[in-house]
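Got the structure open? Let's walk through it together, one side chain at a time.

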Amino acid sequence: MPEVTSLSAVTLATADMAAATSFYEALGFERIYGGPQAGFTSYRAGQSYLNLIAAETGSGFWGRAIFYVDDVDAFHANAIKAGLTPEFEPRDAPWRERYFHIVDPDGHELSFARPLARE
């Protein structure tokens, strides 16, 4: 049975990236990607990450929790076997992770991922 190995990141939606980045940087978060004018910003949070994604006010999108798993494809297959409906098949992302998303019964988006090997 595939298993979750860690919480990689939490991604929060923001309607005002400049205000959000100012807030998190004032708290001492180290920015590693993006910034006040970006559509996506990432901060180091210990061994994990805090991400901000630009979203329109009232869109209903709060963000997502991202979990690392030992085998993305097996985790996806297990979800299908359990009768769940992931949003898409596992895919390789330009940010060097293999991942897929699924939405829980309350509408929370979950991402299951694994870093891809460096070349």
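Glu109 is a good place to begin: its relative accessible area is 11%, and since buried means under 20%, Glu109 counts as buried. Keep in mind that this is a predicted model. Glu109 has a charged partner, because its side chain meets that of Arg64 in a salt bridge, 2.4 Å from N to O. That bridge joins distant parts of the chain, with Arg64 in strand β5 and Glu109 in strand β8 (residues 109–115), 45 residues apart. Arg64 is buried as well, with a relative accessible area of 15%.

Next door in sequence, look at Ala65, which lies in strand β5 (residues 63–69). Ala65 has 13% relative accessibility and so counts as buried. Which residues does Ala65 touch, not counting those up to four places away in sequence? They are Ala9, Glu109, Leu110 and Ser111. Phe75 is another matter: Ala65 and Phe75 are 10 residues apart in sequence, but 16 Å apart in space, C-alpha to C-alpha.

Now hop over to Thr11 in strand β1 (residues 4–14). With a relative accessible area of just 1%, Thr11 is buried. Leaving aside neighbours within four places in sequence, Thr11 is in contact with Phe40, Asn51, Ile53, Trp62, Gly63, Arg64 and Ile66. So Arg64 turns up again, as a contact of Thr11. Take Phe40 from that list: Thr11 and Phe40 are 29 residues apart in sequence, and their C-alpha atoms are 9.4 Å apart in space.

Phe40 also leads us to the surface, where Ile32, Tyr33 and Phe40 form a nonpolar patch with about 280 Å² of accessible area together. Tyr33 sits in strand β2 (residues 30–33), and its 52% relative accessibility makes it exposed.

Back to salt bridges: the structure holds 5 of them. One of them pairs the side chains of Arg31 and Glu25, at 2.7 Å from N to O. Both ends are partly exposed, with Arg31 at a relative accessible area of 36% and Glu25 at 31%. Another joins Arg98 and Asp73, at 2.8 Å from N to O. This pair links distant parts of the chain too: Arg98 is in strand β7 (residues 97–103) and Asp73 in helix α2 (residues 72–81), 25 residues apart. Arg98 is partly exposed at 22%, and Asp73 is partly exposed at 37%. There's a third member here, since Asp73, Asp92 and Arg98 are linked in a network of salt bridges.

What about the aromatic rings? The count comes to 10 aromatic pairs. Among them, Phe29 and Tyr43 form an edge-to-face pair, 6.2 Å centre to centre with 70° between the planes. Phe29 lies in the loop between α1 (17–26) and β2, while Tyr43 is in strand β3 (residues 40–45), so the pair ties together parts that are 14 residues apart in sequence. Phe29 is partly exposed at 26% relative accessibility, whereas Tyr43 is buried at 0%. Trp95 and Tyr99 make a tilted pair, 5.3 Å centre to centre and 45° between the planes. Tyr99 is buried, with a relative accessible area of 9%.

Phe29 and Tyr43 also have company: together with Phe23 and Tyr24 they form one aromatic cluster. One last ring to find is that of Phe88, where the charged end of Arg91 sits over the ring, 3.7 Å from its centre.

Definitions and conventions
Residues are numbered from 1 along each chain as its sequence is written. This is a predicted model: local features need pLDDT of at least 70, side-chain atom pairs count only at pLDDT 80 or more; totals for chains, interfaces and linings use all residues. Side-chain values use heavy atoms; hydrogens and water are left out. Patches are made of residues with over 30% relative accessible area and no salt bridge: like charges are joined within 9 Å, nonpolar side chains (Val, Leu, Ile, Met, Phe, Trp, Tyr) within 5 Å. Accessible areas come from the Shrake-Rupley method with a 1.4 Å probe; for residues, only the protein chains shown count as cover. A salt bridge is a side-chain nitrogen of Lys or Arg within 4 Å of a carboxyl oxygen of Asp or Glu. Helices (H or I, at least four residues) and strands (E, at least two) are DSSP runs, numbered from the N terminus. Buried means under 20% relative accessible area, exposed over 50%, partly exposed in between (1.4 Å probe, protein chains only). Rings of Phe, Tyr and Trp (its six-membered ring) pair if their centres lie within 6.5 Å; planes under 30 degrees apart count as stacked, over 60 as edge-to-face and the rest as tilted. A charge sits over a ring if NZ of Lys or CZ of Arg is within 6 Å of the ring centre and within 35 degrees of the ring normal. Contact means heavy atoms within 4.5 Å.
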